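Me: Please take a close look at one part of this structure, the interface between its chains. I should like each term to be explained where it first appears.

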Amino acid sequence: MIKVQNLTKDYGHLRAVDNISFTIPKSGIIGILGPNGAGKTTTLKMMTCFMPPTEGTVFIDEKNIYQNSVEIRKMIGYLPEGCPIYTEMNVVDFLYFIAELRDIPKDSVNRRVKEMIDSCGLEEVVGKEIGELSKGYRQRVGLAAALIHDPEILILDEPTSGLDPNQIAEIRSLIKQLGKEKTVLVSTHILSEVEAICERVIIIDRGKIVADASLEEIQSSFHNQNRIYFEIQSKKDADILPEFEAIKGVESLQLFSKHEEDMITKFFINYSKDMDIRPELYNFIKKNKDWTILEMRTEQHSLEDIFRQLTEKGEEVAHA
Amino acid sequence: MHNIITIAKREIKSYFFTPVAYILMTIFLLITGWFFGSELFLVNEATMRNIFALTPLIFIFFIPAVTMRSISEEKRSGTIELICTSPVKDSEIVLGKFFAAFSLLVATIFSTIIYVIILLILGKPDGGVIVAGYIGLLFMGSAYASIGIFASTISKNQIVSFIVSFFIIMVLYLLDKFMYFIPTWLGSILQYISVDYHFQNIARGVIDSRDIIYYLSLIFVFLFFAWNSLTKRKYLST
C-alpha cells in the first residue's frame, strides 16, 4: 500500500508540488495525469527516494521514505522520464549491472536476466549496444531494468512518450499484464493512455490534485447532460434548428456547421440525463418528409473535455 | 562494499569502451617515454628522477580528464536517477567512482614499469628511490582523483568539471612555488598544503607518516565534499 501524505516540494520560490495526498491499495494500474510541468515527475521522484519532499512524507507498507529509504527503493521498480540508460553498454551487460545493484542472489541472476529478456521481448537485441537501439527497444530495456528484481510497486514516468503507435500498444499491453499482480503507477499527459490502461486516475495540475477517482466516476460526474450529434439534410430551407426547441426534454441546441449549397446542418442537442428523448427525436424527424438523417450519434463527454476543463480552471472539482 | 565494486566495475568498463583510457594512457606513455629516453641515452644516468619530477605535472591534466565525466555524465544523461533510486547509498556511488579512477591510475602508473625493467638491465638504479617514487605517485594521483570526483559532482557539464578540478589541483601544486616572495611563517603553511612538496619528500626516498597523512586527509576531504555535493540534490533543485 502506498500512502502519500501532504507531499510538498519547492524548487526555490516555485512550488512544484503542493500538498498532495492520496492512497493506493494493493495492485492495479493508477494513472497520474497532468499537463506538462504539473508536478507529476517531481511527485514520482519523491516517492522513489530520489529527492526528499520539502514537506510531507510517503509511506509504503508502513515504511517511511526518510527512515527506510533503502528498503523502499528495494520494493520499487522505477522507469525515470526519458528512460536514461548507459548508452555505451550492451543490453545484457546492462541488465547484469542492474541485477547486481539490485542485489539479486547469484544463483538466480542468470534466470532473472533471461526472464526479463523474454518478457520484454529483447531477444533480437541482446548483444547490441544500447546507444544503437531504437527508442522502443530502449524503453523496453529500461522496463526490463525496472522489473528485474520483481518489485511489488512499479513506477513508470511517461513510459510511452516518443514511441510509434505499434510500440505504444506493445508497452501498454505489457503494463496491463503487470497490473494484474503489481501496483503500477503510470504518469502521462496522454489521455488515451489513461483511458486504455488505468483503473483509477489522479489528475494533477499546478502541483495540486484536481481529481482523484476511477475512470467511470470521473466521466459520469461530468455527465449531467447527454448529448446527441445530428447531421440532417433538408430539401427546403436549411434553417431547421428552431424546430427542435419545442421538443420536450431538449435543454439546448448547438450549431456545429451549416452547408448552404447541399443544405446539410450539423448540430448538437443537449438533453437532461434523467430522460431518454431519442425515440421522440427520431419520430419527430421522421414526420417531416423534407428531412433526411445522415448521421445520429450519442456524444460522450470525452476525458479530453474533462481534462481540459479541470486543468484550465484549476479548481477543485470531482474530488471523489 | 558490494555496491562500491559494482559501480567501480561498470565505470572501469566504460573507460575502456570509450577511447578515454586508451588516449590518455598513450599520451602519458609518449611524454614520459621521451623524457625517460632522453635522460637514459643522452645523460647516461640510470634514474627515474625525470619521470617522477614530470608526472605530477602531467597528472594535473591527466587526472581531471579521467574523472571529469564520472558523475557529471551521469547527471547529464539522467542515469544518476537510475543509480540513486536503486538501493545504493550516495557514499557508495562516490567511492565506486573514486576506485574506478584509482584503478585506471594504477594501470597507468604501472605501465611505466617497463622503464624500471630497462634500467635494471642497463644499469644499477637505486631501488629504494624508485619504489618510494611509485608510492608517492599513487598517493598524489589518488588525491588528484578525489579532487576530480568532487569537481565532477558539481556540474552536468564535463568541461566545467575539468576546469574546476584542473584549477584546484593547479593551485595546490603551485602553492610552494612562490616561496621567495612570501614571509617564512606563511611559506611553511603554504608548503604544508602544497601537493608537490609532499610528493618530493616521498620521491627522495623518505616515506614519512606526515606526507601519507597529508594525502589521506586530502583524499578524505574531497571525497567528503563530493558526497556532500551529490546529496545536495536532496535539498536543492537539480
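Reply: Across the interface of chain B and chain A, two salt bridges are found, a salt bridge being a side-chain nitrogen of Lys or Arg within 4 Å of a carboxyl oxygen of Asp or Glu. The model is predicted, so local features need pLDDT of at least 70 and side-chain atom pairs count only at pLDDT 80 or more, while totals for chains, interfaces and linings use all residues. Residues are numbered from 1 along each chain as its sequence is written, chains are lettered from A and ligands numbered from 1 in the order in which they are written, and side-chain values use heavy atoms, with hydrogens and water left out.

One salt bridge joins B:Lys9 to A:Glu100, with 3.1 Å between the closest N and O atoms. On the chain B side of the interface, α1 (2-17), α4 and α5 (79-84) each supply at least two of the residues that touch chain A; these helices are DSSP runs (H or I, at least four residues), numbered from the N terminus. The largest share of that side, eight residues, is provided by α1(B).

Between the two chains, 11 residue pairs are in polar contact, both residues at pLDDT 80 or more. A polar contact is a pair of N or O atoms within 3.5 Å; within protein, one must be able to donate a hydrogen and the other to accept it, and residues adjacent in sequence count only if both atoms are side-chain atoms.

Taken as a whole, the interface brings 24 residues of chain B into contact (heavy atoms within 4.5 Å) with 26 residues of chain A. The two chains bury about 2,700 Å² between them, 63% of it on carbon and sulfur atoms; this buried area is the accessible area (1.4 Å probe) that two parts lose on being put together, summed over both.
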